[in-house]
Each structure stands twice: as C-alpha cells, then as structure tokens.
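Thank you all for coming; I would like to walk you through one structure this morning, beginning with how its chains meet and then turning to some individual side chains.

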Amino acid sequence: MGNLSSSLGIGLSGLQASQEAISVIGHNIANVNTPDFSQQQAVLTSGQALNYSGIMFGTGVTVSSVQALRDQFLNLQVTQSLCGQSGAQTTYQGIQAVTPAFTDDGTTGLNTSISNFFSSLSTLAGNPTSAALSENVVGAAQGMLQQFQTSYQTVTGQITSANEQVGSLVPEINTLTSQIATLNTSISQQLDPTADNDAIDQRQELTDQLASLVGIQVSTDSNNNYQITLDSGAATLVSGGNAYQMVATPNGALGNNYGVTVVTGASSTNVTDSISGGQLGADLNLRDNLLPAYSSQLDTIAGSLVNQVNKLNMAGFGTDANGNSVTGTPFFTGTGIDANADANFGYVNLPNNALPASAANAPIYSGIINSLVVNPAIVATPTLIASASTANTPGDNSNVMNLANLQTALGTVDTNDDGTGDSGPFSTVVSGLINDVGTQSQKYNSIATNQQNLTTALQTQQTSVSGVDLDQQAAQLLQFQQAYQASAQFISTISQLTQSLLTAVTAAAAG
Amino acid sequence: MTMRVPNLMNNNASLLDLQRLKQQYAETVQELSTGQANPNLGDNPAAEAQVEGYQASINVNAEFVAQANTANSQLQASSTALTSMGTDITQLLQLGQEGLAADTTPTTQAGISSQVSALRQDLIALGNTQVQGNYIFAGTKTTTVPFVDNQATTPPSTTYNGNSGITSLTLSPSVNVATNIPGDTLFYGGTGLQGSSSDVLAQAAAMAQALTTNNTAAIQTAYNNLQTISSRINVSVADLGEREDGVTALQDGLSAYSQNLTTQQSSIASVNYANAITQLNEEGVAQQATLSTIAKSGQKTLFDYIA
C-alpha cells in the first residue's frame, strides 16, 4: 500500500518529468530555425506499479526517452533531390556563362562578323583594284577572327573555371565525409544507436550538404551508420567510422585537368568518369563534355571557313606592291596551316583533297582558332587578296565573287566528322551552334527549376513532419507548466498531511 | 487529416515564390529595356534560331542590294560613255555627208577632216574612260590604258591593250549581271577585228584620210561602215539600258524582300510593349501581395498570448 513517503516520490517524479519535458520544449524552441533539426518530444512512461497485498499501486512517471519526429525515407528523398538540383543549377550557370559569346544582336556576334567578312568581299568585287576596299576586307577578316577567338576563349575560360571548381570541391567533400564518419562513430556507440537525435540531425544536414556537392547514395546499417557511396556505385566515401578521401590531381590524359580518385587504403579508384551528380558531377560534365563540344564546333567552323577561303585565295591572283600578279597566297595563317603543303588546301595533314575533319577526328583542329591570323603579307599588301582568276587581270572580280559566294555555298563544313562537307551555309552552321547553346541553357534551366520545385515540395513535407511548430511548443509548455504546478501542489499537500500527522503524534506523546 | 504547419514551412515556400516573382519581374524589365522579346539565348532558342536565320537572309540580301547599286553605277558609267560615243558617230556621219556633197571645196574638206580627226580623238578618250581609277573599257585589265593612238601610221591606227574579259556581279543566287563591255568588242566589233570595217576608230581615221585626199569612194565606204557601226552601238546602248532596267527592277524586288524579312524578324525578335507592360504591372502586384503575405503570416504565435 502506498504511504505518504511514496506519495512524495510520486509527486517528485511528476516534477522531474515535467521539468525534463519543458527542457525538451526549450531545446525545440532554440532550434526552431536550425536546418534539418527534427522536433523532439519527451516520451513519458508511468512508473512501474508496486504490489501491496495484491493491489497494484503506481509509482509516478518517468521520461523513458526523447524521440525525434523524423521520416528517414523523406530525408533520403530530400538528399537525392538536392543532388539533382545543385547539379542542374551548376550546369545551367556554366552554360549561361558562355551564352554571351554566342549572342548575336545583329551588330556584333559570330554570324554578324562572318557576314561582315563576306560582305566586304562582295563589296570588293564591285571594284577589285581598290586598295581601300581590300583593306576593308582585311579589317573585316580580323574582326571575324577576333569574334571567333573571343567566343572560343569565353568557352575555354569557363572550362578552366569548371576544372578549378573540381579542384576546390574535393577538399570540401573530404571535410564533410570526415565529419559524417565521426558522427557515425558517435551515433553507433550509443547503447541505443537511434537515441542521439541531435547527432543524427547534424549528420543529415552534413549529408545534404555532401549531396549538393557530389552525387551519392545513402544507406543505413544495423548500427544506424550511414554508408555513403558515389551515385554510380564506383567508390565508397563513408563506411561506418571510415571516410575515404577523394584526391584531385592534374592528369595528362585529361589535358592536365584534374582527375579524381578515391583512396581506399593502399589502392585508389579513378572515379572521374563515374561522378554524375551534384556540383562536382556538373562541373566535370561541363568541363569534359558540354563546353568542349562548343569549342570543338567553333574550331570546326573556323577551320572550315579558313580552309575554304584559303583554297580559293591560293588558286586566284592578287597584286603585290610592285603591281605584279601573284598567286598561291593563303588568306589566313596559323599553327597547323602550311601554304606549301597542299595546293588545294591550306592545311597540312589533311586527307587527299577532303574537307578537314573536326576536332574529334583531326587533333590539328583543336584550338586552331587561337593561332589564326590574317596572313601578314596580306595585312601589309591587301591587294594580295586574290580577286582575279587569271594572271595580270586586276579588274577580274571572278575569284573574289567566288570568295564572296562562299557565304551561301553548301557543303562548306563537315558537321558529322566523315571528312566530307555536308553543311548548309556557314550562317546555318553557326545558327545551329547558337541554337544548341540556347537549347541546353533552356533545358538545364528547366531541369534546375523543376528540381528546385521538387526539393521545395519534399522539404515542405519534411518540415511538416519534423519542423518545430511554436504554437505546439507553447501549448505543450502550458501543459507541462500546469503539470509541474500540480505536482508541486501535490507535494505541498503531502507535506501538510505529513505535518498534520507529526503534530498529532507529538500531541499524543505529550498528553 | 490535418497537416502540421511548422513555422519554417510557410516562410520557405513564400520566399521561393517571392524569388520567382522577382526573377520574372527582372526578366520583363530586361525585355522592356532592351526591346527584345528574348534578350537571353536560353529564353526561346527556337525563336532565336528563326531570328538568326532571318538576320542571315537580311545580311545576304543587303549584299545583293549593294551589288545591285554597284552594278547600276557601273552600267550607268558605261551607258554615259556609249551615249557620247553614239553622239560622236552621229556627228561623224553628218560630217561624212558634208564631205560627200558635190559642192564641197578642198578647203572645206580639209576643215571637215580636222573635225573628223578631233571626233576620233574624242572617241579614243571615251575608250579610255576611267571610273574610280579603273578603265571601264579595258576588259579585266582595268589598270591598263586600253586604247593607244598611233599617229605614225597612215591613216592613224590604235592599239588595244585591254582584253575581252567580262566582269560580272552576283545580284541574287541565280542572277549574274555583266557590268562591262570590253573595249575591243565595243570599238572594234570583236576580238581581232582591229583595223577592220567594224573598227570605229579605224573608220574615222579612214574618213579623215579620204577627206584630205578628196577620195569620194573612200569617204563613202567609211560612211557606210560608220552607219553599220552606229547601228551596232545603238544595240549596245539598248543592251546596257535593258541591263540597267533589269538591275533596277531587281533592286526594287530586293528592297521589298529586305523590308519583308525585317518585318518578319521584328515580329519574333521585338518585344510586344503592350503585353510586356501589362505583364510588368501584374508581376508588380503579385510581388507586393506576396511581400504583404510574408509580413503578415507568422506574426503571432501562442506565445504572444501567454501572460
């Protein structure tokens, strides 16, 4: 049977339980804005009943645990979604950064500069002996090359930037994986591996940050450790308390760009081609696939244009400073161009009279834009532009008309790398490239927006499950305040009863 | 089922909405300030490709228009020279008639001969007409003086230093227009016909010589040949005129086409101001409403009512 003393214990357990529950509420309120914090609640359990002569008497209340409101499946969905979102955003930003290089407003731009060049040739055809018009052609050609080079350098600059990002992201990833591994150890060493709610939340926050940086897959083992692998499964980043370091080192096969490996003990795994998500995956994709495709197309267009113009200019006749008729003058020069190597084409290493293949098949093309200049001899003597088809006929404009007509000629660019010209006019090929850039920009913007919507929706659900609701906390605070006050009143009552009993006993003894 | 709505939830969703609205607003402002419907490459790639296509066509067409202008100016220069040439030949024929008249005295014939010689010189000068430093009747050897007079021979003769090259300009993908008449064709009647009956300069020299010697038969022969030549020149004048008319008609067509292309391009590339301004107003209102909502939501919690 319960006595006054045990009643005091019951009152005390109520005080303690309310106090602990209020402490949990305070913790919740303090973390109302903490990312990935899951609202906690004290789990109250009535004390074990005691048997007095077959009658079971309760012994009060205890806080048996502090539980977090958490949906692990939803958390992992958010992690995956963040990975997709950051990857799409990084890709969009990378493409968006090069779009100015392809924008053509009708006064500047690739197509405009090409058009200006051919227009200057067309004008020269009206008066092929004019030194002023010849100089105008030289100026337009230089302007066109500058436009090509500016566009090219914008793209290659962005490739360099993406590569630098790869180098700077790897240490960040390593820091996060180390922290997650440390938290894994801390969590799994608890008697109840699910008990350390704050460490679990903190680990989730770090995992979300990691997912933004690199595509990962997350699973949980029986000790509540996070096992984290790359999304391709090519390498493990975290296993229990072990974090496996990523290393970024310049790789000759990648043009001295960073290659990425994961070091597992004594061995290391090259994962450069196996990373497809997060910022790192996006930067690698930008660096190795998307942006090089643009620079490669620029090389192909510029190389084909130079080749076609050189071919005609070398076949025609211009006039030197002494008034002599001169043939065989390449219009453009640069690395990989040898005027004497092939009478028909201005390039060395080209297949027999075939149009040059693009960068993929002919390394000679790669980066050719940077070395291109208008032949210094033509810059010095613009009348070397071969207007005439026959010698000593300075008024003959047939060759310069052929040059001008290249603008609308078909088959001037080899677009499918088979060594044969198969394109529409240059303007169509350039428009195709511009359209590619625009379409990909739009595509990744759309993906990023959709991923952001998905992430927000998932985070809203996550917040709905785990977020701290201040109204709820206030209500619970009132509830436990009242319980605390009631327990205190109960103890006070027991105290008075005890006092009354003691007074009665003292009086009886005195009487 | 009632959904829990913790404090962060509304804030995050509302902030994302606000962010989107601000982005849309900024895009509309950019459209209005640039006047372009799609100021960024990724806004509407399909439209951008169309605009690029139109721009390429406009540029090529502008070149054709410029070529047509050049062709016309060159044809006009030749036409002017040919008209003067025709006038000279007409005067030669008149002088020939005067020389053939029965009452002509030797003194008069000497005077007529001098006039014929002067007209011949004038014709040679016309043959050496220069436009922008180029000899327009030298074929494609436009920097070489085409006709050189040789007074040492009797009668005086000329040497043609040009060639029979034709220059032409492309005025459309399917139209090439010859913009010159080679001097030998015009003055000699063809390549290798120098000194023949179709050589206007030789016939003028022969007439002057015949007038000096009062050789009526020779005057008559030169006269007859000059009449034939006159007809040939008239045909050339008519030919040039037809070419000019053709080029002018083409110019008109090209200009109209340019206008059409520009209109088509503008309909895609240019912003619709009325729509954009309406949209800007709507986005402004939506932005204000969102701001107001964010400011009001979550202002009070139960804590505010706990004494």
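How many residue pairs are in polar contact across the interface of chain A and chain B? The rule finds 19 such pairs, both residues being at pLDDT 80 or more, where a polar contact is a pair of N or O atoms within 3.5 Å, and within protein one must be able to donate a hydrogen and the other to accept it, with residues adjacent in sequence counting only if both atoms are side-chain atoms. Before I go on, please note that this is a predicted model, in which local features need pLDDT of at least 70 and side-chain atom pairs count only at pLDDT 80 or more, while totals for chains, interfaces and linings use all residues. Residues are numbered from 1 along each chain as its sequence is written, chains are lettered from A and ligands numbered from 1 in the order in which they are written, and side-chain values use heavy atoms, with hydrogens and water left out.

Across that interface the rule finds zero salt bridges, a salt bridge being a side-chain nitrogen of Lys or Arg within 4 Å of a carboxyl oxygen of Asp or Glu. On the side of chain A that touches chain B, helix H10(A) gives the most, with 18 residues; helices here are DSSP runs of H or I with at least four residues, and strands are runs of E with at least two, numbered from the N terminus.

Let me turn to one charged residue, B:Glu48, which lies in helix H2 (residues 45-100) of chain B. B:Glu48 is buried and yet has no salt bridge, the nearest side chain of opposite charge, A:Lys443, being 20 Å away; buried means under 20% relative accessible area, exposed over 50%, and partly exposed in between, with a 1.4 Å probe and protein chains only. As for charge, Lys and Arg count as positive and Asp and Glu as negative, while His and the chain ends are not counted.

Over all chains, the search finds four salt bridges. In one of them, A:Asp201 meets A:Arg70 at 2.9 Å, N to O, and this pair links parts of the chain 131 residues apart. A:Asp201 is buried, at 5% relative accessible area, whereas A:Arg70 is partly exposed, at 24%. In chain B, the side chains of B:Asp149 and B:Arg120 also meet in a salt bridge, at 2.8 Å, N to O, and here B:Arg120 is buried at 3% relative accessible area, while B:Asp149 counts as partly exposed at 24%.
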